[in-house]
Amino acid sequence: MIYQKLLDFPADFLWGASTSAYQVEGGWNADGKSPSIIDRYEHPAGYADFTVASDHYHRFEEDIALFAQMGLKAYRFSIAWTRILPEGTGKVNPTGVEHYRAVIRACRAHGIEPVVTMYHFDLPWCLEEQGGWANRATIDAFEAYARVLFTEFGAEVKYWLTINEQNTMILHPGAIGLPKGGVLPSRKTLYQMNHHLMLAQARVMKLCHTMCPDAKIGPALNLTAMYPETCRPEDAIAAHNWEVLRCWNFADVPVFGWYHPLAVRYLEDRGLMPEVQPGDRETLAGANPDFIAMNYYSTATIAASHGDASDVSARAGDQQIMLGEQGVYRAAENPYVGKTKYGWVIDPTGFRYTLRKVCERYHLPILITENGIGAPDVLEPDGTVHDAYRIEFYQQHLHAMREAITDGVQMLGYCPWSALDVVSTHQGYGKRYGFIYVDRGEEEGGSLRRIPKDSFYWYQKTIAENGKNL
Ligand code: BG6
């Protein structure tokens, strides 16, 4: 649709940026924090680990002051469960609580809205040892953790995100790290874990509505539209298969209270349907999210299955690089989109398309909680970082979002990935996303100095103009 005039970004639009605790904080065992699964996973040799990361745990005041200088209206960060409840449940660690109280206070002091993710991949290791998400007891532990968060921070936090990228954790479990020995749970177990995560999320959303009636809460999923490779009807069916299984099935449960019908048939047919106990359906029906939070990086292009092992590409995949699944879909190339150095599709129009689909399906406001481009940014001898590719990426995606707003999509805000450089999930500091460069490499020992990149100044201007001159 071509319009005579694009609508403006809303006056109260949350211009923000994101991080997650384990990727940015460091201080992995500071002040009573216990290890999470991330701290216990095998770490690929040659890449920065998460022990020091960007040292945000000790430098958050300086960082948040820089975010304010950039003009951020929102900061999306996650709370490490292991700082709040080192034993996973039970005894609260007051130092952990005080840390996040200080982070929230610093945000508020600078007029920045804290947007808090409760869980970003970092399950307490002690809970993992008891079966992790495969154990129904972890549902109770998550609710108990949420109760502490709502009690301690409920008065100050108005936007809560339950679980980051549940679909990545279930569908691409290797993308966030490998357990020691490299053995991932079976697919049957993964879908049982998924069911428990859904129940935990529903209970926590309900609790939030009871304990913090003025706050809003939503799931944070990695959502992306799928294109059929051609107009062949079988390609369209395959694209729909994967769009449902990868995206809508994960958002339907919190919004509609049950799994997508196609996903149910897929799970039953393959013997993957989770065990559902009496009362589970009622629990899921009680979630009622206030908005959909969405991480968007790429679209994917999909072709019909051949029905044999050739459906699965012989290459490494991750949360954005689709591999194919036998009897479901094959991954195809799209000649009309760009690609990052790491093979992630760059598709701003696909962003508008995905936003339209989410809006049409759920009729809820949308908060972007991640979007961005990873690159090996270079610190020049004169202390500058020229990331023109990132400016171009953001300019195009924000323009597409403005078009989506004009299409009628209700947008709450935009929190791209990432506010400052963080450790990438599996490519260390070689793959950077921040508006602010952090002076360190794969080895510990850099100065950790913060250096605003060119994109920092571009975003500052864009925010000041409320996105009028994109
Ligand atoms: C998202 C995750 O999937 O992608 C983030 O929520 C992650 O934690 C981001 O960092 C970028 O991925 P990567 O692998 O490049 O770090």
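Colleague: Which atom of the ligand does the polar side-chain atom of lysine 431 lie 2.6 Å from?

Modeller: An oxygen atom. This is a predicted model, and in it the protein covers 100% of the 370 Å² of accessible area that the ligand has on its own.

Colleague: What about glutamate 165 and glutamine 23, how far are their polar side-chain atoms from a ligand oxygen?

Modeller: For glutamate 165 the distance is 2.6 Å. For glutamine 23 it is 2.7 Å.

Colleague: How many residues surround the ligand, and which are the closest?

Modeller: There are 16 around the ligand, with Gln23, Glu165, Thr425, Lys431 and Tyr433 the closest. By class, that shell has 5 nonpolar, 8 polar and 3 charged residues.

Colleague: Where does the ligand sit?

Modeller: In the largest cavity, which holds about 160 Å³ of space.

Colleague: And which lining residues lie nearest the centre of that cavity?

Modeller: Tyr297, Gln319, Glu370, Trp417 and Thr425, out of 16 lining residues. The lining divides into 6 nonpolar, 7 polar and 3 charged residues.

Colleague: Changing topic. How many cavities of 30 Å³ or more are there in the whole structure?

Modeller: The search finds 4. The second largest has about 60 Å³ of space.

Colleague: Which residues line the second largest one?

Modeller: Ala21, Tyr22, Glu25, Gly26, Trp28, Lys33, Ser36, Asp39, Phe50 and Arg83.

Colleague: How do those divide into nonpolar, polar and charged?

Modeller: The lining of the second largest cavity has 4 nonpolar, 2 polar and 4 charged residues.

Key
Residues are numbered from 1 along each chain as its sequence is written. This is a predicted model: local features need pLDDT of at least 70, side-chain atom pairs count only at pLDDT 80 or more; totals for chains, interfaces and linings use all residues. Side-chain values use heavy atoms; hydrogens and water are left out. On a 1 Å grid over the protein atoms alone, a cavity is a set of points where a 1.4 Å probe fits but cannot get out, and a pocket is an open set with protein on both sides within 12 Å along at least five of seven lines; lining residues have an atom within 4 Å of a point. Grid points are joined across faces, edges and corners, and a volume is the space filled by probe spheres set on the points. Ala, Val, Leu, Ile, Met, Phe, Trp, Tyr, Cys and Pro count as nonpolar, Asp, Glu, Lys and Arg as charged, and the others, Gly among them, as polar. A residue is near a molecule or strand if one of its heavy atoms lies within 4 Å of it. A polar contact is a pair of N or O atoms within 3.5 Å; within protein, one must be able to donate a hydrogen and the other to accept it, and residues adjacent in sequence count only if both atoms are side-chain atoms. Accessible areas come from the Shrake-Rupley method with a 1.4 Å probe; for residues, only the protein chains shown count as cover. A molecule sits in a cavity or pocket if more than half of its atoms lie within 2 Å of its grid points.
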